[in-house]
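Open the model in your viewer and keep the selection box ready. We will go stop by stop.

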Amino acid sequence: EVSIPIIRGNSLYTIVDGPQWENAQAYAKLLGGNLVTIGSSNENRWLVDQYYGERKLSELLDVKALWIGFNDETSENDWSWISGEKSEYTNWSNGEPNGSYAYGDADSAEFYLFDTYNADPGQWGDNLDDNYRYGLAEIPFIRRGDSAYVIVEGPTWEEAEANAVALGGHLVTINDTAENEWILENLESNTWIGKTDKDQAGTWQWINGESSNFTNWAASQPSNSIRSEDGKTQDYAYIHPHFSGKWDDHW
């Protein structure tokens, strides 16, 4: 399973779809991160071990390289990490970055997955943004107990849940007051949570199947209001930004 995230420190690493560098970066943002920032030779070697050595990603996905977060699109030859992190480490292959091809500028960095172009696995090259490949995303998380908490993007509940599943989880199950307060203190309100009655109106369940009975609804919630224009009911729970951590239901 090449899509299962791998943990290193306080980051999750996972493969995201391209084909273009910009597509891969956009998908990484949906998952709460960016294309990977490689900060040291140790991290670079670890990535080789994970995605070339043990996992043989080049064979599984039939790709030669992965997009990483290094880019000079804004200013030619001024390479920077899309995450905004400051790292002086580079691992360019001999002759790279070469800057351009006859049919366009090579503004995006790739991480080689096999011996190619006289380069070793884990060395970098620059390439055109429209070459077909995957990207390697790095998603920071906050650890609590045995769980990793990440803010994923929506905007809809279904989209947010899909992005959570892509990271190997689900929208959060909140088990008690302490966890609810911890989320408010360490993450943010105005976020979808994993409570829904989409399968049976009025029967609220956690999307991951857990049986926690804890609820923290605001007064008169859930209301299951019906939207006049399409008849949809409010089937999805979120932490309301103005209800002091209480929950509301919404479309």
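Start with the largest pocket of this predicted model. The space inside amounts to about 890 Å³. Which residues come closest to the centre of this pocket? Select Ala148, Val150, His170, Leu171 and Val172: of the 37 lining residues, these are the closest.

Now colour the lining by class. You should get 20 nonpolar, 11 polar and six charged residues. Next, show the secondary structure around the pocket. β12 (147–149), α4 (157–166), α5 (177–186) and β13 (191–196) each give the lining at least two residues.

**Stop at Ala148**

Zoom in on Ala148, one of the residues closest to the pocket centre. Ala148 sits in strand β12. Is this residue buried, partly exposed or exposed? Its relative accessibility is 41%. Buried would need a value under 20%, and exposed a value over 50%. Ala148 therefore counts as partly exposed.

Now show what touches Ala148. Set aside the neighbours within four places in sequence, and you find contacts with Phe141 and Ile142. Then select Ser11, which is 137 residues away from Ala148 along the chain. Draw a distance between the two C-alpha atoms: the gap is 9.4 Å.

**On to an open sheet**

Go back to β13, which helps to line the pocket. This strand belongs to an open sheet of four strands. Trace the order: β14-β13-β15-β16, with antiparallel pairing. Which strands form the edges? They are β14 (205–206) and β16 (247–250), and each of them pairs on one side only.

Look at the join between β13 and β14. The two strands run antiparallel and are held by two bridges. Select Thr196 to see one partner: in β14, Thr196 is bridged to Gln205.

Now bring back α4, another element of the pocket lining. α4 lies across β13 and β15 (236–239). Turn the view until you see the crossing with β13, where the angle is about 90°.

**The loop between β14 and β15**

Follow the chain out of β14 towards β15. Pro222 is in the loop between these strands. The peptide bond from Gln221 to Pro222 is cis, with omega about 0°.

Asn224 belongs to this loop between β14 and β15 too. Check the backbone here: phi is positive, about 50°, although Asn224 is not a glycine. How accessible is Asn224? At 23% relative accessibility, Asn224 is partly exposed.

**Two more backbone stops**

Select Asn77, in the loop between β4 (65–71) and β5 (80–81). Asn77 is not a glycine, yet its phi is positive, about 70°. The relative accessible area is 60%, so Asn77 counts as exposed.

Next, pick Pro19. Look for it in the loop between β2 (11–16) and α1 (21–30). The bond from Gly18 to Pro19 is cis, with omega near 10°.

**Zoom out**

Finish with the whole chain. How many helices and strands does the chain have? There are five helices and 16 strands. The C-alpha atoms fill a box of roughly 65 × 40 × 30 Å along the principal axes.

Colour by accessibility: 44% of the 251 residues count as buried. Last, show the contacts between residues at least 6 apart in sequence. Of these, 66% join residues at least 24 apart.

Technical notes: Residues are numbered from 1 along each chain as its sequence is written. This is a predicted model: local features need pLDDT of at least 70, side-chain atom pairs count only at pLDDT 80 or more; totals for chains, interfaces and linings use all residues. Side-chain values use heavy atoms; hydrogens and water are left out. On a 1 Å grid over the protein atoms alone, a cavity is a set of points where a 1.4 Å probe fits but cannot get out, and a pocket is an open set with protein on both sides within 12 Å along at least five of seven lines; lining residues have an atom within 4 Å of a point. Grid points are joined across faces, edges and corners, and a volume is the space filled by probe spheres set on the points. Ala, Val, Leu, Ile, Met, Phe, Trp, Tyr, Cys and Pro count as nonpolar, Asp, Glu, Lys and Arg as charged, and the others, Gly among them, as polar. Two strands pair if DSSP finds at least two bridges between them. Contact means heavy atoms within 4.5 Å. Axes are lines fitted to C-alpha atoms, for helices over the stretch in contact, and angles run from 0 to 180 degrees between N-to-C directions. Buried means under 20% relative accessible area, exposed over 50%, partly exposed in between (1.4 Å probe, protein chains only).
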